[in-house]
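Please work through the following exercises with the sequence and the model side by side, and try each task before reading its solution.

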Amino acid sequence: MNILGLEALVFGVDDVAGCTQYLQDYGLTGVGVSAAGGRFEALDGTAIVVRRHDDESLPAPIGTASQLRLTVYGVADDDVLAALEAELSKDRDTWRDGEGRLRSTDDMGFAIAFQCSQRRALNLPAEGINAPGSQPQRPANSLGVTPDMVATPRSLSHVVYFVPDVAKAEAFYVDRLGFRCTDRFTDVGPFLRPAGCAEHHTLFLIQTPPFMKGCEHFTFHMGGPTELMLAGTRFVDKGYQSFWGPGRHRFGSNWFWYFNSPLGCHVEYDADMDLHDDSWQAREVPMGADASQLFLFSHREKWAPGGPPPVGAAR
């Protein structure tokens, strides 16, 4: 199944205005935004879609406080859609909606959809670094960071589900949709990537009690750790609450910075994720602080030498 990755996540929310402001401040571009919601796109067109919680076009809620209503995956072509339809229709309802997307549900009750990918191709430089012993990636007089540097989300990276039966959830995505496990936290859940994507994970499943079922977080890729740090700092400066980070994960190696949000889940910036092919052997470790991140920072207000020590600093 040549599933390429996430195209969009659709939320039914209580506070459309607050979510609209949040997603635009996060760095996404609003398309067709109104009091009823809108689409909020990264540079490649992948997006978060927001609707009122009682919008009749939305799939039914999953029965918990989660506001995620639909996960949309992009596929390579119509042949993949046909293959998915043949596979899923063996034991569950499938249908084509008004946008031509193949719709169904997974084994945990999450609404899912598939469409031929409409991602826009990007041709943008990655963050360049200069290091002794290596050829410069930035030539002389090319600055690595400036106060007005653009830091815009490039692409929808991954989504994390809380699920009450992680083994059953994993089996659906692996056995029916062709996802592969790249790494695993013992008794917690797997990191999964679809066959058409080399990124460490597009979906991460976490075992939780049934009342917690839903979306834990989603994230967009930035152009590098400097863009992540700039975007996160600007987000904090706009008044949004940092939840976790900045730091760097062990599995996936991606830089991260998580924030609280009005979407009923956390929202992350990430950068520089590992890529894997089918020769990769999945690792497994118990969940813990050392397994979750290799290093972690806490955001503080800016400080300059000569001033009072920053809050919490040793005297």
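**Exercise 1.** Find which residue of strand E12 is the bridge partner of tyrosine 161, and place this pair within the strand pairing of this predicted model.

*Solution.* Begin with the pair itself: tyrosine 161 has leucine 205 of E12 as its bridge partner. Next, widen the view to the strands, where E9, covering residues 155–163, pairs with E12 in the parallel sense over five bridges.

**Exercise 2.** Determine in which sense strand E11 runs relative to E12, and how far E12 is covered.

*Solution.* Strand E11, residues 189–193, is joined to E12 by two bridges, and these strands run antiparallel. One bridge partnership to locate is that of phenylalanine 191 with phenylalanine 204 in E12. Turning then to accessibility, E12 spans residues 203–207 and is mostly covered, with four of its five residues buried.

**Exercise 3.** List the buried residues of helix H3, and inspect the backbone just after H3.

*Solution.* Taking buried as under 20% relative accessible area, one finds Val166, Ala169, Glu170, Phe172, Tyr173 and Arg176 within H3, which spans residues 166–176. An α-helix has 3.6 residues a turn, so positions three or four places apart point the same way. Continuing along the chain, glycine 178 lies just after H3 and adopts a positive phi of about 80 degrees.

**Exercise 4.** Describe the largest pocket by its volume and by the character of its lining.

*Solution.* The volume of the largest pocket is about 430 Å³. Its lining comprises 19 residues, with Arg154, Glu199, His221, Met222 and Gly223 lying nearest the centre. Sorted by character, the lining holds eight nonpolar, four polar and seven charged residues.

Methods: Residues are numbered from 1 along each chain as its sequence is written. This is a predicted model: local features need pLDDT of at least 70, side-chain atom pairs count only at pLDDT 80 or more; totals for chains, interfaces and linings use all residues. Side-chain values use heavy atoms; hydrogens and water are left out. Buried means under 20% relative accessible area, exposed over 50%, partly exposed in between (1.4 Å probe, protein chains only). On a 1 Å grid over the protein atoms alone, a cavity is a set of points where a 1.4 Å probe fits but cannot get out, and a pocket is an open set with protein on both sides within 12 Å along at least five of seven lines; lining residues have an atom within 4 Å of a point. Grid points are joined across faces, edges and corners, and a volume is the space filled by probe spheres set on the points. Ala, Val, Leu, Ile, Met, Phe, Trp, Tyr, Cys and Pro count as nonpolar, Asp, Glu, Lys and Arg as charged, and the others, Gly among them, as polar. Two strands pair if DSSP finds at least two bridges between them.
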